[in-house]
Amino acid sequence: MIFQVLLQFFVLLQLPLNAYAFYYYGNSGERRCFHKELTKGTLLKGKYKLSVYDSSQDSYALTYGQDSNVVIMVEEVFDDNHRVVNQKGAPSGDFTFTALQSGEHLICFQPAVRSGRVKTMMDIEFQVGSISEIDSKKKSTIQSLQNKVQVLIEKANGIRREQDLVREREAMFRDASESANSRAMWWSVISLIVLGGTCAWQLSHLRTFFVKQKIV
């Protein structure tokens with residue numbers, strides 16, 4: 001009992017959120033399990049990605065579609081390996097599990113590929129902590145994203161205001177240019193009228209002068 005209490009206390013100290021990321025190689029159809037000591041109420045969140053060996057490329061590539069899947073199982077070792085989770089998921093995805101009792105748990109993955117027994121690689125990431133801590137981490141992440149989006153919105157509004165100012169200045173310059181062009185046109189028309197009147201008056205004066213001088 002003392003050992004179990006000390007063990008639970010030690011696990012509780014680790015609850016502020018532990019993350020484990022790793023990968024392993026295997027074959028399709030093989031089951032691979034990992035031991036986790038979880039206390040009651042602990043939330044386990046896992047992410048996984050299945051890659052299949054491509055002999056033509058001599059490398060592992062992510063698989064998609066319905067040609068492959070991953071079976072996820074969680075068993076309670078302390079209760080004769082009682083299975084509490086048994087779900088079939090897509091080649092890439094995540095899952096969550098909340099421990100109902102304190103003790104050792106077995107988290108197992110079994111990839112399956114329709115093309116037969118091929119080499120596989122599983123990328124796995126575990127996050128272990130209390131529900132409130134993981135939720136608070138999500139909230140902080142969302143809040144950070146919201147702040148970044150707000151900054152982008154403010155920058156976009158600033159750019160929009162600058163564009164509006166440029167358009168207003170362009171409109172003012174266009175109006176001033178059109179006004180100057182209009183004044184120049186009317187000045188030219190008035191100048192032509194004055195010049196035409198002056199020429200007509202001079203011709204009339206010359207004609208009268210020639211008549212008086214009996215030249216015409």
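## Exercises on a predicted chain

Trp-186 is exposed, with a relative accessible area of 53%, where exposed stands for over 50% relative accessible area, buried for under 20% and partly exposed for the range in between (1.4 Å probe, protein chains only). The structure is a predicted model, in which local features need a pLDDT of at least 70 and side-chain atom pairs count only at pLDDT 80 or more, while totals for chains, interfaces and linings use all residues. Residues are numbered from 1 along each chain as its sequence is written, and side-chain values use heavy atoms, with hydrogens and water left out.

### Exercise 1: the chain as a whole

**Task.** Determine how many helices and strands the chain has, and state what percentage of its 216 residues count as buried.

**Solution.** Begin with the secondary structure, taken as DSSP runs numbered from the N terminus (helices, H or I, of at least four residues; strands, E, of at least two). There are two helices and nine strands, and along the sequence they follow the pattern α-β-β-β-β-β-β-β-β-β-α. Next, turn to burial: 25% of the 216 residues count as buried. Then consider contacts, that is, heavy atoms within 4.5 Å: among those between residues at least 6 apart in sequence, 76% join residues at least 24 apart. Finally, weigh the confidence, for which pLDDT is the predictor's value for each residue, from 0 to 100. The mean pLDDT of the chain is 81, and 84% of the residues reach 70 or more. Over residues 1-17, however, the pLDDT is below 50, and this stretch has 19 contacts in the model beyond near neighbours in sequence.

### Exercise 2: the surface around Trp-186

**Task.** Find the element that holds Trp-186, and name the residues that make a nonpolar surface patch of about 610 Å².

**Solution.** First, place the residue: Trp-186 is found in helix H2, which spans residues 131-212. Second, list the members of the patch, which are Met-185, Trp-186, Val-189, Ile-190, Ile-193 and Val-194. A patch is made of residues with over 30% relative accessible area and no salt bridge, with like charges joined within 9 Å and nonpolar side chains (Val, Leu, Ile, Met, Phe, Trp, Tyr) within 5 Å; a salt bridge is a side-chain nitrogen of Lys or Arg within 4 Å of a carboxyl oxygen of Asp or Glu. Third, set this beside the accessible surface of the chain, which comes to about 15400 Å², with 58% of it belonging to carbon and sulfur atoms. These areas come from the Shrake-Rupley method with a 1.4 Å probe, and for residues only the protein chains shown count as cover.

### Exercise 3: the disulfide

**Task.** Identify the cysteines joined by a disulfide, and decide whether the disulfide of this pair is right-handed or left-handed.

**Solution.** A disulfide is taken as a pair of cysteine sulfur atoms within 2.5 Å, and a search of the whole structure finds one. Cys-33 is joined to Cys-108, with an S to S distance of 2.0 Å. The torsion about the S-S bond of Cys-33 and Cys-108 is about 110 degrees, so the disulfide is right-handed. The pair links distant parts of the chain, with Cys-33 in strand E2 (residues 32-38), Cys-108 in strand E8 (residues 103-113), and their positions 75 residues apart. As to accessibility, Cys-33 is partly exposed at 26%, whereas Cys-108 is buried at 0%.

### Exercise 4: strand E5 and the loop after it

**Task.** For Ile-72 and Glu-75, decide from relative accessibility whether each is buried or exposed, and then establish the sign of phi at Asp-80 and Asn-81.

**Solution.** Ile-72 is found in strand E5, as is Glu-75, and the strand covers residues 68-76. Ile-72 is buried, at 0% relative accessible area, and Glu-75 counts as buried at 5%. Leaving aside residues up to four places away in sequence, Ile-72 touches Cys-108 among others, including Tyr-48, Val-85 and Phe-95. On the corresponding count, the residues touched by Glu-75 include Arg-31, Asn-81 and Glu-104.

Move on to the loop between E5 and strand E6 (82-89), where Asp-80 lies; Asn-81 is placed in the loop between E5 and E6 too. Phi is positive, near 55 degrees, at Asp-80, and Asn-81 also has a positive phi near 55 degrees. Most residues other than glycine have a negative phi. Asp-80 is exposed at 74%, while Asn-81 is partly exposed at 41%.
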